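Trainee: I would like to learn how to read helices and sheets in a model. Can we go through one together?

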Amino acid sequence: MRYDAVLVLDFGGQYCHLIGRRIREQGVYSEILPHNIKTEDFKLLNEKFDVKGLILSGGPASVYDANAPKVDVKIFDFGLPVLGLCYGHQLIAHLAGGKVGPAKRREYGVAYVTIDKPVGVLKGLNRMEKVWMSHSDIVFSVPPEFEVLACTENCPVAAFRHKEKPIYGLQWHPEVVHTEKGIQMLRNFLFEVCQCKANWRMEDLIGRMIEEVKAEVGEGKAIIALSGGIDSSVATVVAAKAIGDRLTAVFVDHGFMREKEPEFVKNIFKRFKINLVMVNAKERFLKRLKGVVDPERKRKIIGEEFIRVFEEEAEKAGAEYLIQGTIYPDRIESGFRKFSDKIKTHHNVAGLPTRIKFKKIVEPLRDLYKDEVRKVAKVLGLPEEIVFRQPFPGPGLAVRVAGELTEKKVEIARKADKIIREEIEKSGLKRKLWQYFAVLTDTKATGVKGDARTYGYVVAIRAVESREAMTASFARIPYRVLEKISTRITNEIPEVVRVVYDITHKPPATIEWE
Ligand code: XMP
């Protein structure tokens, strides 16, 4: 069966992959391609899918920079509908001879756009719509073969279209949830402009992932890093379906796990027919991290040590392949693409040492977002405890204890984490929150307990709402729940004298503190 597909050309924007995922959510297949894809490669793709349209993503460059990423203009000759978003919007205008330049006022965040002509991509929209902007350049004018469809106070050409060809540009980001009618705009492009059929399903993706693991591993053996989080659990089940008992799942207890984590993992996976090896590596991790304060170094060391442990286990199992549950946001924020900025090193990506003994690392979930992984998990029959588990970072509590790691500090963070989890779960807020956890800060403060002066740690509570971890808002947790958590932490953990609540969104903060 040939799927209808809309392809996204990647100019390095933070939200680029989100576009692909939003399209797939509408039942249309989508893939992200490098912006400089050759027309021949493009033709090959067109043999696999019915390519119905192209989206040019946003990106951090300026179209008039000498080395700004460009697109092979021959692609426009295919006559396919094209939608440019942000940088893509500016690029189309620039290539057509329009005027693009720095905006007097940069716009980041919510903006109100006036829609003068609700046609094509903007069909059915109101005169005033709430959109998400994030740009420093704008389009000042377009040539006569184009018409302006919308503007904002700072942006005279916020949307345009070609008068005869199906070419559109939007200055804003319809793929981001803060653009209120973003989905409608994308649906207009898919179904009105590109005339796509919605004939793609999540099950097709599972089949493709299984086939991919089979093809990559061949007759070989593989091990997988199973952490008990949703990503590695899904990757384990996918890999087991692909290669059966040639797979060994390895759970490494690096000592930065949540309370009773190894028991939890053992319990869940005994229901599946999977070779599971539990490794207690607490001592070696702590030894390597002695005296290390810098968060990025911590992440690198943990990533490296992980790989070393896996290499040893792989040798025992006779496995030459490593399978990982890396998902898309892990990769984008590790700066794996040439035109995007590195934010932090996620341990299972850029933290990998360059000298790897595995023949290959296979990452079947690499293009998925967390909630897509949840859907896959349900289809695969994984239990609710896994499907709705909050994400937990690979380096675990190590990135939730600021400064040097000691067994004592990790234990405090673990106890505080347990209290927060229990109270949030009791309050019924669990499913509303993306993550909720404790951070042991490296600030000490004065307190008074039982009429005596105390001097001890400050614990921060972090709880966020998010859809895919690329952006997040701090959660407005009721004071009574915060109060309960604070009281329990200071009562039950003698070393803690003060509890604070983190009220920072992402951006500018990240979700984890380190
Ligand atoms: P940040 O802190 O970058 O986190 O806003 C985004 C999401 O990723 C999780 N996270 C990680 N996941 N390995 C992982 O598998 C890591 O090294 C890592 N660091 C952060 C974080 O918990 C949040 O859900």
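Mentor: Start with a term: contact means heavy atoms within 4.5 Å. Keep in mind that this model is predicted.

Trainee: Which strands does helix α1 lie across?

Mentor: Helix α1, residues 16–25, lies across β1 (4–10), β2, β3 and β4. The helix runs at about 160 degrees to β2. Helix α3, residues 87–95, also packs on the sheet. Among the strands α3 touches are β5 (99–115), β7 (146–151) and β9 (167–170). The direction of α3 makes about 115 degrees with that of β4.

Trainee: How do I read the sheet itself?

Mentor: Strands of a sheet pair through backbone hydrogen bonds, either parallel or antiparallel. Here 9 strands form an open sheet, and the pairing is mixed. Read the order as β2-β1-β3-β4-β9-β8-β7-β5-β6.

Trainee: Which are the edge strands?

Mentor: They are β2 (29–34) and β6 (128–141). Each pairs on one side only. Direction ignored, neighbouring strands of this sheet are turned by 25 degrees against each other on average.

Trainee: In what sense do β3 and β4 pair?

Mentor: Strand β3 (residues 50–56) and strand β4 (residues 82–85) pair in the parallel sense, over 3 bridges. To find the spot, look for I55, which stands opposite L83 in β4.

Trainee: What is the order of the sheet with 5 strands?

Mentor: The order is β12-β11-β10-β13-β14. This sheet is open, with parallel pairing. Its edge strands are β12 (275–280) and β14 (360–362). The twist averages 30 degrees from one strand to the next.

Trainee: How many bridges join β13 to β14?

Mentor: There are 3 bridges between β13 (residues 321–323) and β14. In this pair, Y321 stands opposite K360 of β14. Helix α5 packs on the sheet and touches β10 (222–225), β13 and β14. The direction of α5 makes about 170 degrees with that of β14.

Trainee: How do I describe two helices that pack together?

Mentor: Two packed helices are described by the angle between their axes and the distance between the axes. Take α5 (residues 202–217) and α11 (residues 370–380): their axes come within 10 Å and cross at roughly 85 degrees. That makes α5 roughly perpendicular to α11.

Trainee: Which residues of α5 and α11 meet?

Mentor: From α5 come M202, E203, L205, I206 and M209. They meet E372, K375, V376, V379 and L380 in α11. The residues of this contact divide into 7 nonpolar, no polar and 3 charged.

Technical notes. Residues are numbered from 1 along each chain as its sequence is written. This is a predicted model: local features need pLDDT of at least 70, side-chain atom pairs count only at pLDDT 80 or more; totals for chains, interfaces and linings use all residues. Side-chain values use heavy atoms; hydrogens and water are left out. Axes are lines fitted to C-alpha atoms, for helices over the stretch in contact, and angles run from 0 to 180 degrees between N-to-C directions. Helices (H or I, at least four residues) and strands (E, at least two) are DSSP runs, numbered from the N terminus. Angles under 35 degrees count as roughly parallel, over 145 as roughly antiparallel, 65 to 115 as roughly perpendicular and the rest as oblique. Ala, Val, Leu, Ile, Met, Phe, Trp, Tyr, Cys and Pro count as nonpolar, Asp, Glu, Lys and Arg as charged, and the others, Gly among them, as polar. Two strands pair if DSSP finds at least two bridges between them.
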